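Student: I have this one open for the first time and would like to go through it with you. Could you bring it up so that we can talk it over?

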Amino acid sequence: MFIILSPAKRMAAVSRIPPQSRPQFMAQAACLADILKGYAPGPLAAALKTSPALALRAYMDYQDMDLTASGAAALFAYQGLVFSTMRPDDFSADEVDFSQNHLRILSGLYGLLRPLDGILPHRLEMGCRLPEAGDSLYGYWADRLYQALFAAGDTVVNLASVEYARAVTPYLAWNDRMITCEFYTLSRGRYRVMATAAKMARGAMARYAISNRIDRPEGLQGFDSLGYRFSPERSTDQIYRFYQQ
């Protein structure tokens, strides 16, 4: 079983545990990095759909980027809400090893990452358009990420955002098993998927799976962190729904 997560925009340049592996799609990442090095800050801000200040930071990162450098281990480099809720800095050595075998992080630049893959600071959302890369990053990556995840017939548990899951879902075959976890919070009298709460729940779910060494999706139904409970009557074979009590 693999669990897939989205990356975070905020990143650290160093990690508690040094990288122990290299990203699978380094050739494709190098091609994208070369394209992005050719962008001036203004066009880069438009391509990344971000502010001039953040685009300048990204510009400097790409100008300095040397993909032969070891960088930081992906699991510890990402600093967003999903990862801060998962708290990988608290993982034992066994938990880090389990995550390396069962957790994958989708990336606009690197494609697909294992937790201990070395990465460098960058900014590139999967939904960005780069004409030099065939316009859409979805088109650039095509079915590579899907093939890497499903080649051995493993079940994939989707804890990624819609934007990143779209890099995989169009290629699903009838016999692939992908389970999406949805987290509902009571808001104004209705249960809704709230963006911030859902990010925290995804991080807590990933931690639950890793800490309990869960390697079958049915084991995730016992998840009860942050007040969530599995709802069997509202779930299907493809969607596990959890409701905050």
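Student: Which residues are buried in α6?
Tutor: In helix α6 the buried residues are Glu95, Val96, Phe98, Ser99, Gln100 and His102, where buried means under 20% relative accessible area, exposed means over 50%, and partly exposed is in between, with a 1.4 Å probe and protein chains only. Helices are DSSP runs of H or I with at least four residues, strands are runs of E with at least two, and both are numbered from the N terminus. This is a predicted model, in which local features need pLDDT of at least 70 and side-chain atom pairs count only at pLDDT 80 or more, while totals for chains, interfaces and linings use all residues. Residues are numbered from 1 along each chain as its sequence is written, and side-chain values use heavy atoms, with hydrogens and water left out.

Student: What do the buried residues of α6 pack against?
Tutor: They pack against β1, α4 (74-77), β3 (103-107) and α10 (195-211), and contact here means heavy atoms within 4.5 Å.

Student: At what angle do α6 and α10 pack?
Tutor: The angle is about 110°, and the two axes are 9 Å apart, which makes α6 roughly perpendicular to α10. The axes are lines fitted to C-alpha atoms, for helices over the stretch in contact, and the angles run from 0 to 180 degrees between N-to-C directions. Under 35 degrees counts as roughly parallel, over 145 as roughly antiparallel, 65 to 115 as roughly perpendicular, and the rest as oblique.

Student: And which residues in α6 and α10 meet?
Tutor: Glu95, Phe98 and Ser99 of α6 meet Ala209, Ile210 and Ser211 of α10. By class, this contact of α6 with α10 has 3 nonpolar, 2 polar and 1 charged residues, where Ala, Val, Leu, Ile, Met, Phe, Trp, Tyr, Cys and Pro count as nonpolar, Asp, Glu, Lys and Arg as charged, and the others, Gly among them, as polar.

Student: Going back to His102, what is it in contact with?
Tutor: His102, which is found in helix α6 (residues 93-102), is in contact with Met1, Phe2, Ile3 and Asp215, leaving aside its neighbours within four places in sequence. His102 counts as buried at 18% relative accessibility.

Student: Where is Thr155, and what does Thr155 touch?
Tutor: Thr155 lies in the loop between α8 (144-150) and β8 (156-158), and its relative accessible area of 16% makes it buried. Not counting residues up to four places away in sequence, Thr155 touches Met1, Phe2, Arg177, Ile179 and Pro217.

Student: Different topic: how do the axes of α2 and α3 cross?
Tutor: The axes of α2 (residues 41-48) and α3 (residues 52-64) come within 8 Å and cross at roughly 110°, so these helices are roughly perpendicular to each other. The contact of α2 with α3 has 8 nonpolar, no polar and no charged residues. On the α2 side are Pro41, Leu44, Ala45 and Leu48, which meet Ala55, Leu56, Ala58 and Tyr59 in α3.

Student: How many salt bridges are there in the whole structure?
Tutor: A search of the whole structure finds 8 salt bridges, each being a side-chain nitrogen of Lys or Arg within 4 Å of a carboxyl oxygen of Asp or Glu. One of them joins Asp61 and Arg57 at 3.0 Å, N to O, and both residues lie in helix α3, 4 residues apart, about one turn of the helix. Asp61 counts as buried at 17% relative accessibility, whereas Arg57 counts as partly exposed at 43%.

Student: Which parts does the pair of Arg241 and Glu182 tie together?
Tutor: Their side chains meet in a salt bridge of 3.2 Å, N to O. Arg241 lies in strand β12 (residues 239-244) and Glu182 in strand β9 (residues 178-187), so the pair ties together parts that are 59 residues apart in sequence. Arg241 is buried, with a relative accessible area of 19%.

Student: Last one: how many disulfides are found?
Tutor: The search of the whole structure finds 0 disulfides, a disulfide being a pair of cysteine sulfur atoms within 2.5 Å.

Student: Why is there no bond for Cys128?
Tutor: The closest cysteine sulfur to that of Cys128 is in Cys31, and at 16 Å it is too far for a bond. Cys128 counts as buried at 2% relative accessibility, and Cys181 is buried with a relative accessible area of 5%.
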